[in-house]
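User: Please take a close look at one part of this model, the open sheet and what packs on it. I would also like to see how that part sits beside the cores and the aromatic pairs.

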Amino acid sequence: MQYFISVFVSAFLVFQIQPIISKTILPWFGGGASVWTTCMLFFQFFLLVGYIYAYVLTKTLRIKTQVVVHLILLALGVIFLPFGIHDIHNIEVAATPTWGVLTVLFISLGFPYLMLSANTPLLQHWFSSDVNNVNPYRLYAISNVGSFLALISYPIVFEPFMSLDGQLELWSSIYCVFVALVVWIFYVVVIKSQSQKLNNAKQLVNSKVGFSQVTLWFLLAALGVVLLVSTTNALTQNVPPVPFLWIVPLAIYLLTYVMAFSSLRLYLRVIWIPCFMVLSFVALLIYIIGGQFDFVTQLIIYLLILLCGCMICHGELNALKPRQGNTTLFYLFLSAGGVFGSFLVTFVAKELFDEFLEFPLAIVSVLLVVAASLWWVRKDEITQLNKGHIAAVNQLFLLSIGSLVVALVWLLVFINLNSQYQQYDVAKDRNFYGILSVKDINEGKVKERRLVDGTTSHGSQSLPLTPSPVPLSYYRPGTGGQLIIDELSNVKNLQVGVIGLGVGALAAYGRPGDLYTFYELNPLVSVYANRYFKYLENAQADVEVKLGDARVTLQNELDSGQRNNFDLLIIDAFSGDLIPTHLMTHEAFMLYQQHIKTSGVIALHISNRHLSLLPVIAHHSRSLKMQMMLFDTPGGGYEHDAQWVVLTNNRQLTESPRLMDKQTPIISSQYQSVVWTDDYSSLLPILKVLN
């Protein structure tokens, strides 16, 4: 029982810290899905290092010595625990986002996470030596159950009721208790009671493992992780990247391990493989036009694909695992495959592809690799063929051939559909912040050039391009942004700050003598706005673009004594699904207020398919003692619906007859206040599908 408790708690700690620390550092790197992808690479890599450490320890030292070494290192991990957010905030962030994420994780969490990662394979090895004729993979199943419960409990039990600082303190405290528990367990069970037995235990007989089998271990483990990370990436291109949507895919990934390695025989090839064949074509549809589906439909489809694909990968791993001995080698290759899969998505895919091709490639790879696995198992069955095996061998043959045929057909259909979708592209590129493309749409009444981030339009211009373009989409005449700028037109030398560049459409409303300062996180947006659109080039106002996180830049300006005294500060970073929550917290709005004049205006563009940000802004309007005005402008079928919110104490605006006529009434009972701070924020209360 002591072994099971130790494995369960260590697995719980390993996986609960993942959403906690990822959410903590998310605002530092722009709030995009790539932050989670990079975190996954870190977690997978340190899991591998932990398994290597366990493998070396079990091969070079006696069991009693292994226990002593591991306990000492576990205890040392207490020194490096992140007891609070301030411990992490003191770390300097590197300039390159990917390496910055890895650096922060390494310094704040690396050593204790490494020790926890090594706990399960070490305990399984000791358990195999201590307890005869008991399946050691039961411990692996317990480990996955602990991991699964850690993930599903986070958004239900911990995130809604605890601040991030409190979560880190609780996790660090549980680690300390866990170390004390492990010391007691191994003192009583291993060192004191079982020392003689363990020291004299004979080495387990290792079954022979061939190159093909080891290669399949590696590929299936890698493919499961590629499917996990690429599905999460694809999902959060069309759905907000709340921690819930990081946790659920990872929980499903772990659940399939539990199901596949359980003794219940839940992996039935004749069910799971045909189901995945059907779902692979559904994946094609969701990949090409996913943004057209509602939140719930997208979520269900993506998660079903992930469940079925991972069940196949992990079910085949269970079929190929060593029957006796070689457990640490098996876990070593599983972990190595996981790191390789994360590395492919985090680094290689970004260099090779200018779109999220890792998701469709993962789908077709499952079909190809499972065909190879079935062929290998079929050959193994033939060597011990008898009458009872004939039907099973024939079934394996048919499933293997079927997987190959479906993979070929699927690939041909994908190439054809994807080429049609790409026909509008003028330019496309990919970096840490996502995929950015410029598309010329010329169909029916729609003749315009759009800047598209993922599947969300961030501005457009009419075709053919003209020297004096009129803003379209969310920024067109008659929308909230234009109305406020026009109302402030009596101000000479209007000072305007804009967080979020897009195509620079708002610069078209500038006049000679005005200054428009744009703050843009993604450098590629600035390149595309200047190269493919005319708003910035032909603006009458002076235009300045400052690259980097807007909040960090504004804070640095304030710290250096620079108050911008904006007449108007526009926050335009929430129309996409990847919203940066750190720009919407109480602390962020306190910073904005310090950069506007006493009669200044904060205008927020909050048009969003899935989120209703008005409850958060309603709270800020009360805390800042500023009046709130809402402008909802319907698109009329040819334009986007535009929603703008204004916070100000400028009586010229709040009492303007024109604005009052255009203003949308705010029903206080309809928009309940939602509090967001740097230490606490949750997107669940503002998801439109839940409200």
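Analyst: What follows starts with the sheet and then turns to the cores and the aromatic rings. The model is predicted.

The sheet is open and has four strands in the order S1-S2-S3-S4, paired antiparallel. In general, strands of a sheet pair through backbone hydrogen bonds, and the pairing can be parallel or antiparallel. Strand S1, residues 425–431, and strand S4, residues 456–462, are at the edges. Each of these two has a single partner strand, so one side of each has no neighbour in the sheet. From one strand to the next, the twist averages 20 degrees.

Look now at S1 and its partner. Strand S2 covers residues 434–443, and six bridges join S1 to S2 in an antiparallel run. One residue to find in the model is Ala 427, whose bridge partner in S2 is Val 438. A helix also packs on the sheet: H17, residues 523–532. Helix H17 touches S1, S2 and strand S3, which spans 446–453. The direction of H17 makes about 165 degrees with that of S1.

Next come the nonpolar cores. The largest has 172 residues, and Tyr 592 and Leu 604 are those with the most contacts inside it. Helix H12, residues 295–320, gives the largest share of this core, 14 residues. Apart from this core lies another, of 42 residues. Ala 427 is among the residues of that other core, as are Leu 488, Tyr 532 and Trp 644. Back in the largest core, Tyr 592 touches Ile 499, Leu 554, Leu 569, Ile 571, Leu 583 and Ile 602, leaving out residues up to four places away in sequence.

The aromatic rings come last. The count is 24 aromatic pairs. In one of them, Trp 217 and Phe 330 meet edge-to-face, with 5.0 Å from centre to centre and 80 degrees between the planes. Trp 217 lies in helix H9, residues 211–238, and Phe 330 in helix H13, residues 327–352, so the pair ties together parts that are 113 residues apart in sequence. Are these two residues buried or exposed? Trp 217 counts as buried because its relative accessibility is 0%. Phe 330 is also buried, with a relative accessible area of 0%. Elsewhere, Phe 42, Phe 43, Phe 45, Phe 46, Phe 106 and Tyr 113 form one aromatic cluster.

Note on methods
Residues are numbered from 1 along each chain as its sequence is written. This is a predicted model: local features need pLDDT of at least 70, side-chain atom pairs count only at pLDDT 80 or more; totals for chains, interfaces and linings use all residues. Side-chain values use heavy atoms; hydrogens and water are left out. A nonpolar core is a set of buried Ala, Val, Leu, Ile, Met, Phe, Trp, Tyr and Cys residues joined through side-chain atoms within 4.5 Å. Buried means under 20% relative accessible area, exposed over 50%, partly exposed in between (1.4 Å probe, protein chains only). Contact means heavy atoms within 4.5 Å. Two strands pair if DSSP finds at least two bridges between them. Axes are lines fitted to C-alpha atoms, for helices over the stretch in contact, and angles run from 0 to 180 degrees between N-to-C directions. Rings of Phe, Tyr and Trp (its six-membered ring) pair if their centres lie within 6.5 Å; planes under 30 degrees apart count as stacked, over 60 as edge-to-face and the rest as tilted.
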